[in-house]
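Please work through the exercises below with the sequence and the coordinates open beside you. Each task is followed by a solution that proceeds step by step.

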Amino acid sequence: MTVTPLPPVAVPAGDLSVWPASTEERPHGGLSVGGVPLDELAESHGTPVYVLDEAEVRERCRTYRDAFPEADVHYAAKAFLCRALAHWVEEEGLGLDVCSAGELELAVTTGFPPERILLHGNAKSPEDLRTALRLGVGRIVIDSPAEIARIAAAVGPGERQRVLLRVTPGISAGGHAKIRTGSDDQKFGLSLRDGHAQHAITRLIGQPRLRLTGLHCHLGSQITDVKPYLVAVRRMVGLMARTRDAHGVVLSELDLGGGHGIAYRPGDPALDLTALARRVRSELAESCAGAGLPVPRLVIEPGRAVTGPAGVVVYRVLAVKAAPERFFVAVDGGMSDNPRPALYGVRYAPRLIGRRSGAAARRATVVGRHCEAGDVLAEDVVLPSDVHPGDLLAVPVAGAYHLSMASTYNLVGRPPVVAVAAGTSRLLVRRETQADLQARDVGL
């Protein structure tokens, strides 16, 4: 096997810029997060194992609160949700947005105040709506004309449910075509361009059991430029002005969604939160002044930007294989615990941990254990050429859209989640076992 050394600049072994702030180098090639060595967590909990830095999550919540002191900040539960995380978010003063009865029930039974919860979804089930009304969520985001009558009919006599209308503002933004949700050619919201949004507003204002408090839009995910949000502010304020002129109704809330981009590898672009907050505030004030409207209460919905950089996943190498065009490193997880590379072509920066290697670097493709050629976790990455079965690889920026999108493909159970803080660790979500998987199969 021929090993081709790489220039020293191509070996990012010491770059921890995309790791949790608490990450520290340890002797013999180890890393610790939250004061806890990752290799020790791998030994005690098995692999794959997801590690979530509680202090990092809390600090990112506070950063949003500081950047948007006058706004309602709602954590987007779809990124990742468990009972402990719901508790941290609530303690840090954030609201929550959920997309199903399952997410809603988990949050409320944990003690999350339902009035600080938004319910989303382009096709909410009857159970979703019943649960939302039963638990008393603060807002339901209307996503289609059919929902207007359905929700109004389900609201009890003498009650009024507060709702927002999701508007598609005709803006294409986001890191991949599959996660751009602000343009007119996708399933979310009602188009501003063709008049469907205005028609829905007219219907909502005529419903005595619904109270339209504002407008909602979400442009996409992994947006690293402030400009699309500013365009969205102008277009949404324009619609608010037309609503006032046509119906005499002044809407008091504007939800700009989330989608704030983060760096997955050193050098990747990320959204400047300080610039976003400053420029959105300015644009909102100017647009409202020009339209003769009071400035509405702003709502934002960060998800990935709160938990993504706080998470790390640790895998164990099962096999290595040299092919004519690639050097494969196969690990004991894959697309069942992280489908994002297969779905969106996302790129990560895995790192060897637990031992220090003096071997030359080599370009490798880190693949999963599943029976799919597309089960690739990290393509064209730099690893030591002596990586071998039994080694541990750690992947940063693993706290969002990994386990929340996980499956049991090939009947492989989903990994556990372990929280770390101040040198201690505790299990948040246990590993899914074969007994769990078999218990759902009721037999012949």
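The exercises that follow concern a predicted model.

**Exercise 1. Confidence along the chain**

Task: State the mean pLDDT of the protein chain, and find where pLDDT stays under 50.

Solution: Begin with the chain as a whole, for which the mean pLDDT is 92, with 93% of the residues reaching 70 or more. Then turn to residues 1-13, where pLDDT stays under 50 and for which the model has 22 contacts beyond four places in sequence. Finally, consider residues 178-183, where the pLDDT is also below 50, and for which the model has 31 contacts beyond near neighbours in sequence.

**Exercise 2. The sheet of β1, β2 and β3**

Task: Determine in which order the 3 strands of this open sheet are arranged, and which of them stand at its edges.

Solution: The order is β1-β2-β3, and the pairing is antiparallel. β1 and β3 (36-37) each have a single partner strand, so one side of each is left without a neighbour in the sheet, and these two stand at the edges. To follow the pairing in detail, take strand β2 (residues 30-33), which is joined to β3 by 2 bridges, and note that V33 stands opposite V36 in β3.

**Exercise 3. The surroundings of T23**

Task: Decide whether T23 is buried or exposed, and list what T23 touches, not counting residues up to four places away in sequence.

Solution: First locate T23, which lies in the segment before β1 (24-26). Its relative accessibility is 9%, and because buried means under 20%, T23 counts as buried. Next, follow the side chain of T23, which reaches the backbone oxygen of P20 at 2.8 Å. Leaving out residues up to four places away in sequence, T23 touches L16, L31, S32 and V33; V33 is the residue that stands opposite V36 in β3.

**Exercise 4. Two sides of helix α1**

Task: Identify which residues of α1 (residues 38-45) are buried, and which exposed residues lie on the face turned away from the buried side.

Solution: The buried residues in α1 are L38, L41 and A42. They cover an arc of only 100° around the axis, which puts them on the same side of α1. The face turned away from that buried side carries the exposed residues E43 and S44. After the helix comes G46, whose phi is positive, near 80°.

**Exercise 5. The span and packing of α8, with its neighbour α7**

Task: Compare the expected span of helix α8 (residues 227-247) with the distance between its end C-alpha atoms, and find which elements its buried residues pack against.

Solution: At 1.5 Å a residue, the 21 residues of α8 should span 30 Å, and the end C-alpha atoms are 30 Å apart, which agrees. For the packing, start from the buried residues of α8, among them P228, Y229, L230, M236 and T243. The buried residues of this helix pack against β9 (161-168), α7 (196-205), β11 (210-216), β12 (253-255) and α9 (273-291). Just after α8, G248 takes a positive phi of about 70°.

Then view the packing from α7, in which A197, A200, I201 and L204 are buried. They cover an arc of only 105° around the axis, which puts them on the same side of α7. The elements that the buried residues of α7 pack against include β8 (139-142), α6 (145-154) and α8.

**Exercise 6. The partners of β15**

Task: Establish how many of the residues of strand β15 (residues 327-331) are buried, and describe the sense in which β15 pairs with β14 and runs relative to β17.

Solution: Of the 5 residues of β15, 4 are buried, so the strand is largely enclosed by the rest of the structure. Strand β14 (residues 311-322) pairs with β15 in the antiparallel sense over 5 bridges, and a hairpin of 4 residues joins β14 to β15. Strand β17 (residues 361-367) runs parallel to β15 and is joined to it by 3 bridges. V329 in β15 links the two pairings, since V320 stands opposite V329 and the bridge partner of V329 in β17 is V366.

**Exercise 7. A buried proline in a loop**

Task: Find where P416 lies, and which residues P416 is in contact with, leaving aside its neighbours within four places in sequence.

Solution: P416 lies in the loop between β19 (392-396) and β20 (417-421). At 2% relative accessibility, P416 counts as buried. Leaving aside the neighbours within four places in sequence, its contacts are H45, P48, V49, Y50, L403, L427, V429, R430 and R431.

Conventions. Residues are numbered from 1 along each chain as its sequence is written. Side-chain values use heavy atoms; hydrogens and water are left out. pLDDT is the predictor's confidence in each residue, from 0 to 100. Contact means heavy atoms within 4.5 Å. Buried means under 20% relative accessible area, exposed over 50%, partly exposed in between (1.4 Å probe, protein chains only). A polar contact is a pair of N or O atoms within 3.5 Å; within protein, one must be able to donate a hydrogen and the other to accept it, and residues adjacent in sequence count only if both atoms are side-chain atoms. Two strands pair if DSSP finds at least two bridges between them. The arc is that of the directions from the helix axis to the C-beta atoms. The expected span of a helix is 1.5 Å times one less than its number of residues.
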